[in-house]
Amino acid sequence: MNSPLCIALLTMLMFPVAAAAQHEDKFRQLDEALPTPNDYRTASGAPGHGYWQQQVDYEIDVALDEETHWVTGSERIIYHNNSPDSLSYLWIQLDQNTFATDSPRNRAATMRPGRRNPTLRGGDVSFETMDRLLTAGEFEGGFRITRVANRRGEPLDYVINGTMMRIDLPMPLKPGNSTRLAIDWNYPVLDSRAVWARSGREHFEDDDNWVYEIAQWYPRLAVYSDVTGWQNKQFIGPGEFALEFGDFKVSITVPDDHVVAATGELLNPKEVLSDTQRERLERARKADSPVYVVTPEEAEAHESSEPSGTKTWVFEAENVRDFAWASSRKFIWDAQGHELGGNFTLAMSFWPKEGEPLWSQYSTHSVMQALDVYGRMAFPMPYPVMISVNGPVGGMEYPMITFNGTRPEEDGTYGKRTKYGLISVIIHEVGHNWFPMIVNSDERQWMWMDEGINTFVQFVAEQEWEDDYPSRRGEPRNLLDYFRGKNKTAIMTESDSALQLGNSAYGKTAVALNILRETILGRELFDRAFKEYANRWKFKRPEPADFFRTMEDASGTDLDWFWRGWFYTTEHTDLSIKGVTRYTMDTGDPDIDRERDRAEKDAEPESITRMRNEDVEKRVEKHPELLDFYNEFDEFEVFEDDREKFEEMLEDLTEREKEILEDEHNFYVVDFENLGGLVMPVILKVNYSDDTSDIMRYPAEIWRYDNFNVTKLIITNKEIVSLELDPYQETGDVDTDNNHFPRKIQKKRFLVKPEKEEEKNPIQEAAEREIDEDGEDEEE
């Protein structure tokens, strides 16, 4: 039926109103940005048949001097060249050199405002901050390399460039061969008060003891890969680590009253633990709750002990990319066994009494929660131990061991933020044992691949801890201020150059993946694809393209528009309901349609001029002869010939066409506008006059022909009273005011309080001082 109404509706749907901004094909394929697939990395996102990676094995002897706070070490390295290339030199990472006074980090540092960067301009500075500034300038950190030799003890030529050391090989190392190195070194362990770092020492004045958390403590091989060749980018702070997998055997010599926590399994428990401690440790393996290995009372007694010598703790770890450890006589220690998918892991916590009562209640349980949820979302933890240590480092991760700094107040009380902050940081740092400790991405280049992905799974684990868990990151609504802001960079920005790292690499990535899981793919498709990515790249080195391609390959969904918008731009979500028009269909029956016309005419508001002219005498009242046919004519009156024409029209209609004429559906034409630039699904809540509602979900592809304006037709036999975009705040829409039609009155509150007492000027202050002095004279 070619009625004017049908033609109008089809025109609006086929030819939306032209947008002022330039249309862009935001659904084009991402091939222009991604590397070409090859034998090493396939187009599906999986490792190729030619995939390779290097292996580096270490045997290390290290000693901690508690009097001088120096670490002295000697290592034997076996480097396996699994690449197809001959290597004439090896690059070694010297991370401690970043704390040398002339390091690239210190020379490149600026007074950019931030949590760890006081500007000194126009504000007060705390004594703690000033102490850090002064002490940091005096600290002479960095490795002292005392020997670099081959397997026969012959010295090798080397050159140190900042945080990297190149060792020149006498002969090129051919593919499939290995070489052995020996390196001796020492360095001072920094004071955590002086320099923010990922390791350090902390002094406890009350009992004059120390807690040491030791990381980036040994010269370690840089990555050589099919993507970067040598990843020898300088370590200047934000961009963390790129490392090779290997086997470690580490002997750690410390004062004999210390307790040591470390990557790997303890090989000599009989030499360093008492019979009671070993019995407790064995009992913990099958316990339903954490079991003390060192009780609080025993740890407190150790605080006043004096070492009589040293002990050497020996640890072994297989197929790990790094090794870290912690040591103190102050440690309380508990443990509990965890099993999932046939894999057993001993969850353990080490903390000083200053961590009580939070640590005994929440630390090991938080480790267990991470083992549960990450094990389900990715794969069961393959490592035999997982440790949480409390010390000077706020939050840092290493294979099988994490450093977590949150503590209660000195009196043992704590706020809500402290409690949940502890649970969250432990889950987060333990979670890093999946990303990147096993799914071994290049942190130096792509921070989001470990921090962002990990923060997303952390959010899942937090929400499964308890109802209404106060997660900082993961919910789109928690990041709206950042999305609205200007000072930001895309997620796909190199780690050392990204702005607002916490919001970008951590928060935005977590929000993006949460939206992908909850809104775009759904949990079933997302979880299967995410697990596929984790398992494909377990103990391998993925790149961003491998993640993007695997998520599409395993979900069967083209997500190039999503990666482009969320990861390659700083556009944000701001969708608006621009307008709504309701259409109803005329029946053609003059008795029905003209009565409707009359009702609509009567419903029109009366003109203000007509109302005020009500008592004004009109000319036709003075001169009735001016009245004619049209003064009495009823434009809505129905005549018999009108009815006859309608009946004739009905005779020419099919039964289906007659049914259509009798249809009483409402046709709502809804105009949407994209103000933020990011193409996203449209989630629309439709509220009806009978107090019912529907949720309508339109995919992001509705924007493919016009990025800025689209129109949707809603056909319903109910009357719509209001519409709301993104009713569950699941897309990160930065402006909820324009999500409603009709617009809602925004509700806000303000506080009324007394006027501030005016500050006295210098003359008034001087007068007060004179009065005080006169009063003192009279008293004397």
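Proline 357 sits in the loop between β20 (343–351) and α7. The peptide bond that joins glutamate 356 to proline 357 is cis, with omega at about 5 degrees. The model you are looking at is a predicted one, and this loop is a good place to start a tour of it. A second cis peptide bond joins phenylalanine 741 and proline 742, where omega is about -5 degrees. Proline 742 also belongs to a loop, the one between β30 (740–741) and α21 (762–779).

**The nonpolar interior**

Helix α7, which borders the loop of proline 357, spans residues 358–377 and gives 10 residues to the largest nonpolar core, the most of any contributor. That core has 179 residues, and Trp217 and Phe435 touch the most other members. To get a feel for the surroundings of tryptophan 217, look beyond its neighbours within four places in sequence: its contacts there are Ile60, Val62, Phe143, Trp185, Tyr187, Val250, Phe323, Ala324 and Trp325. Apart from this core lies another, of 6 residues, including Phe99, Phe139, Leu190 and Ala194.

Nonpolar side chains also appear on the outside. Val125, Met130, Leu133 and Leu134 form a surface patch with about 310 Å² of accessible area together. Leucine 134 is part of helix α3 (residues 127–138). Is leucine 134 buried or exposed? Its relative accessibility is 53%, so leucine 134 counts as exposed.

**Two buried polar residues**

Next, two residues with polar side-chain partners. Histidine 338 is in strand β19 (residues 332–340) and is buried, with a relative accessible area of 7%. Its side chain is joined to that of aspartate 372 by a polar contact of 2.7 Å. Setting aside residues within four places in sequence, histidine 338 is in contact with Asn343, Phe344, Thr345, Met368, Leu371 and Asp372.

Serine 327 belongs to strand β18 (residues 325–328). With a relative accessibility of 0%, serine 327 counts as buried. Which side chain does the side chain of serine 327 meet in a polar contact? The partner is histidine 258, at 2.6 Å. Residues up to four places away in sequence not counted, serine 327 touches Leu64, Trp210, Val211, Tyr212, Val254, His258, Val259 and Val260.

**Salt bridges**

Side chains of opposite charge can pair when their charged atoms come close. How many salt bridges does the structure hold? There are 47, and three of them are set out here.

| Pair | Closest N and O atoms |
|---|---|
| Arginine 147 and aspartate 184 | 3.0 Å |
| Arginine 321 and glutamate 443 | 2.3 Å |
| Lysine 760 and glutamate 768 | 3.6 Å |

Take the salt bridge between arginine 147 and aspartate 184. Arginine 147 lies in strand β4 (residues 144–150) and aspartate 184 in strand β7 (residues 178–188), so this pair ties together parts that are 37 residues apart in sequence. Arginine 147 is partly exposed at 32% relative accessibility, while aspartate 184, at 17%, counts as buried.

Now follow arginine 321 to its salt-bridge partner, glutamate 443. This pair links distant parts of the chain, 122 residues apart: arginine 321 is in the loop between β17 (310–320) and β18, and glutamate 443 is in the loop between α8 (416–431) and α9 (451–463). Arginine 321 counts as buried at 2% relative accessibility, and glutamate 443 counts as buried at 1%.

Lysine 760 and glutamate 768 make up the remaining pair in the table. Lysine 760 is partly exposed, with a relative accessible area of 35%, and glutamate 768 is partly exposed as well, at 38%. Elsewhere, a network of salt bridges links Asp207, Glu303, Lys330, Lys353 and Glu354.

**Backbone angles to look for**

Two residues other than glycine deserve a glance for their phi angles. Glutamine 500 has a positive phi, near 50 degrees, and is found in the loop between α10 (480–484) and α11 (501–520). At 34% relative accessibility, glutamine 500 counts as partly exposed.

Aspartate 691 also has a positive phi, near 70 degrees. Where is aspartate 691 found? Look in the loop between β26 (682–688) and β27 (693–698). Aspartate 691 is exposed, with a relative accessible area of 75%.

Methods: Residues are numbered from 1 along each chain as its sequence is written. This is a predicted model: local features need pLDDT of at least 70, side-chain atom pairs count only at pLDDT 80 or more; totals for chains, interfaces and linings use all residues. Side-chain values use heavy atoms; hydrogens and water are left out. A nonpolar core is a set of buried Ala, Val, Leu, Ile, Met, Phe, Trp, Tyr and Cys residues joined through side-chain atoms within 4.5 Å. Buried means under 20% relative accessible area, exposed over 50%, partly exposed in between (1.4 Å probe, protein chains only). Helices (H or I, at least four residues) and strands (E, at least two) are DSSP runs, numbered from the N terminus. Contact means heavy atoms within 4.5 Å. Patches are made of residues with over 30% relative accessible area and no salt bridge: like charges are joined within 9 Å, nonpolar side chains (Val, Leu, Ile, Met, Phe, Trp, Tyr) within 5 Å. Accessible areas come from the Shrake-Rupley method with a 1.4 Å probe; for residues, only the protein chains shown count as cover. A salt bridge is a side-chain nitrogen of Lys or Arg within 4 Å of a carboxyl oxygen of Asp or Glu. A polar contact is a pair of N or O atoms within 3.5 Å; within protein, one must be able to donate a hydrogen and the other to accept it, and residues adjacent in sequence count only if both atoms are side-chain atoms.
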